[in-house]
Amino acid sequence: MLEITDLHVNVGDKEVLHDINLRIGEGETHALMGPNGSGKSTLLMAIMGFGNLTVTSGSIVFKERDITRLPINERARMGIGMLFQRPPTIAGLKLGKLLSATSRGLSEEDILRYARSVNMDEFLDRDINVGFSGGEIKRSELLQLKVQQPDLVMLDEPESGVDLENMALMGGAIAGLLEKDIHMVERHKSGLIITHTGYILDYLDADQGHVMIDGQIRCHGNPREILRVVKEKGYRECFRCPACVRV
Amino acid sequence: MTKDSGEIESLSEEDRERLALTGLDLEMTNRCGSFFQIDQDVVHTSCAAEGIEVIPIAAALEKYDWLADYAWKAVPRDKDKYTKYVARQEQPAGVVIIARKGSRSIMPLQACLLLQRGRVQHVHNIIIAEEGAEIHLISGCASATHTERGSHLGVSEFYVGKNAKVTSTMIHSWSRHINVFPRSAAIIEEGGIFLSNYVCMQPVHRIQMYPAAHLVGKDGIARFSSIVMGMPGSHLDIGSRAVLAAEGTSAELVTRAITTGGTIVSRGHVIGAKNGTRGHIECRGLILKDGTIHAIPEIEGQLTGTELSHEAAVGKIARHEIEYLMSRGLDEEEATATIIRGFLDVKISGLPAVLQKQIDEAIDKAESGF
Ligand SMILES: Nc1ncnc2c1ncn2[C@@H]1O[C@H](COP(=O)(O)OP(=O)(O)O)[C@@H](O)[C@H]1O
Ligand SMILES: [Mg+2]
């Protein structure tokens, strides 16, 4: 589904991501962990194609097509979707209006049904993210993804700012997006999830975990194992951990 | 002077279209009354609402002696050369609308002014809402397709009686060589509400206007909302002023300005002259192509019991907002148009749906030019 090879990414003159290699197969969910500022969000933004980032070398291949230079909207149309850590607020643009504009064919009733399922039906008439709480922003993002139905679901810290009650709701909705109810063999949706706490992994099994440190993916392994070690010893110890496969 | 309405039928298809841009509804399906003036000729007046009169000003001044007390009270006749010119006319043109005590129109009344052959169109309107009356007025002003040059001088005086409510929505559709000088003012009595909406999304040579609301009775409310677009060669100097001259009065002045190369000066002035008053000015400008948006908000408090504020912001659309929408599958143009549409979406509470629709349509029509 996604194949990243030797990717280097600059923000301005500064290289933020160095030599990233990552493969996500169809139906797989991967968790991405790592300390603040290590480059996790930058990787997701680079996969999405944001203009403030420059790919200086390497390639991103999605569904067997090289998308390294493709505009954002074409990547979205091909099936890449992203839940933003900090999405912009857009005064005057109603959440419901945006959903109708991006849904391409869903009826008003469908949209309302999706909105209810993530407790956002009261927000359709509100300006996007204006005055939304942390948890409401995440649910609004999730609702947009539900309408978009991407094949590669990228989530940037979906659990931050979400209270316990809504955590279960978010977890269920994300599991739905990733077709976790379907057997691995028949599942098409893939996921790349940034998580600090790992709470979200209680609702969906991740097949692989990766740790990013200083702009490099330093180890791959069982996500629960990685979390256990990180909680015990911190990230600096992580790549010495025997549970991880050194790159 | 009054021609028959055959004049309306003889309008060219293009002119009909230009008038439709300003909200003129020739079929009258959503209107309760109507006034239509081409250059200096009144070609049509009607009114179906009970308690509401729509009369050409010349006839009204003959019919009602007392009307002379209203004429030139809100707008001084010697304010400037334009008001002097209008006041000097022996054959005044324009419309008088009188909503009698307690009368109400749910559908809007429309006043349409077309500048066709004349070089100068002068208009004097007087709108009176007596105690408890409620009216919605939509005035569309346009120049005919083939009009090369011309000026439109329009004086409008609004008298909002005790607990009365007047909503006035003005939509302009001029062309590159037209100069426009509206001169409007409102006097608002106790508990009265005056909502003034202005939309100009078409090219014009020059517009200059600075309407004022004088809140002279307790607890009166005034709100001005303006949505304007400055295209290359257009110079718009648009302001609004509110004088909070009685206790408990409040005013809000909201502007959305877009330039695609023209110049927009957006002025606002609120004067807090009595205790328990509140005023706010909000101007947001979007520069799509190099042009000028100059916001000049002025707030003037004269005693401790007044609370005045303003906010102004001018800039371009943030790149990350466009890219955010693109990540949901919209292409760059769709994303830009969606953000602009949101920017212009100034929902005005209490506005009848037909009027909101008219405003939305004027914006939609302009969108191809973004
Ligand atoms: N727009 C930007 N301008 C300058 N530096 C940036 C920008 N975006 C990210 N960075 C830098 O890149 C690094 C990685 O940031 P980020 O990907 O947000 O980290 P993470 O998501 O892992 O916390 C940080 O050092 C951050 O300061
Ligand atoms: Mg981050």
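**Figure 1. The largest cavity, with a volume of about 360 Å³.** Welcome to a tour of a predicted model. A search of the whole structure turns up three cavities of 30 Å³ or more, and this view shows the largest of them. How many residues line the largest cavity? There are 32, and those nearest its centre are S156(B), F158(B), S168(B), M170(B) and S184(B). Strand β10 of chain B, residues 178-188, contributes the most to this lining, with five residues. Sorted by character, the lining holds 18 nonpolar residues, 13 polar ones and one charged residue.

**Figure 2. The magnesium ion and its partners in chain A.** Look for ligand 2, the magnesium ion, which is coordinated by the OG atom of S41(A) and the OE1 atom of Q85(A), at 2.1 to 2.3 Å. S41(A) sits in helix α1 (residues 40-48), while Q85(A) belongs to the loop between β6 (80-83) and β7 (90-94), so the pair ties together parts of chain A that are 44 residues apart in sequence. S41(A) itself is partly exposed, with a relative accessible area of 23%.

**Figure 3. Helix α5 of chain B and its surroundings.** Before zooming in, note that the domain assignment splits chain B into domain 1 (13-316) and domain 2 (317-370). The C-alpha centres of these two domains of chain B lie 24 Å apart. Now find helix α5 of chain B, residues 319-326. Why is this helix described as largely enclosed by the rest of the structure? Six of its eight residues are buried, so the rest of the structure largely encloses it. The buried residues are E321(B), I322(B), E323(B), Y324(B), L325(B) and M326(B). Their cover includes parts of both chains: from chain A come α2 (72-78), β7, α3 (95-103), β8 (127-128) and α5 (134-148), and from chain B comes α6 (332-344).

**Figure 4. V254(B) in strand β16 of chain B.** Strand β16 covers residues 250-259, and V254(B) is one of them. Is V254(B) buried or exposed? With a relative accessibility of 4%, V254(B) counts as buried. Setting aside neighbours within four places in sequence, V254(B) is in contact with R223(B), F224(B), S225(B), S226(B), E282(B) and V346(B). You can also locate I227(B), which is 27 residues from V254(B) along the chain; their C-alpha atoms are separated by 8.6 Å.

**Figure 5. A242(B) in strand β15 of chain B.** A242(B) is part of strand β15, residues 235-244. A242(B) is buried, and its relative accessible area is 0%. Which residues does A242(B) touch, not counting those up to four places away in sequence? They are A213(B), L215(B), A251(B), L253(B), H269(B), V270(B) and I271(B). For a wider view, try R149(B): A242(B) and R149(B) are 93 residues apart along the chain, and 33 Å separates their C-alpha atoms.

**Figure 6. Positive phi at K63(A) and at D39(B).** Start with K63(A), a residue other than glycine whose phi is positive, near 50 degrees. K63(A) lies in the loop between β4 (53-62) and β5 (65-66) of chain A, and at 37% relative accessibility it counts as partly exposed. Then turn to D39(B), which is not a glycine and yet has a positive phi of about 50 degrees. D39(B) is in the loop between β1 (33-38) and β2 (41-47) of chain B. D39(B) is buried, with a relative accessible area of 13%.

Terms used. Residues are numbered from 1 along each chain as its sequence is written. Chains are lettered from A and ligands numbered from 1 in the order in which they are written. This is a predicted model: local features need pLDDT of at least 70, side-chain atom pairs count only at pLDDT 80 or more; totals for chains, interfaces and linings use all residues. Side-chain values use heavy atoms; hydrogens and water are left out. Donors are N, O and S atoms within 2.8 Å of the metal (3.2 Å for Na, K and Ca); water is not among the atoms, so sites may look incomplete. Helices (H or I, at least four residues) and strands (E, at least two) are DSSP runs, numbered from the N terminus. Buried means under 20% relative accessible area, exposed over 50%, partly exposed in between (1.4 Å probe, protein chains only). On a 1 Å grid over the protein atoms alone, a cavity is a set of points where a 1.4 Å probe fits but cannot get out, and a pocket is an open set with protein on both sides within 12 Å along at least five of seven lines; lining residues have an atom within 4 Å of a point. Grid points are joined across faces, edges and corners, and a volume is the space filled by probe spheres set on the points. Ala, Val, Leu, Ile, Met, Phe, Trp, Tyr, Cys and Pro count as nonpolar, Asp, Glu, Lys and Arg as charged, and the others, Gly among them, as polar. Domain bounds come from an automatic or database domain assignment. Contact means heavy atoms within 4.5 Å.
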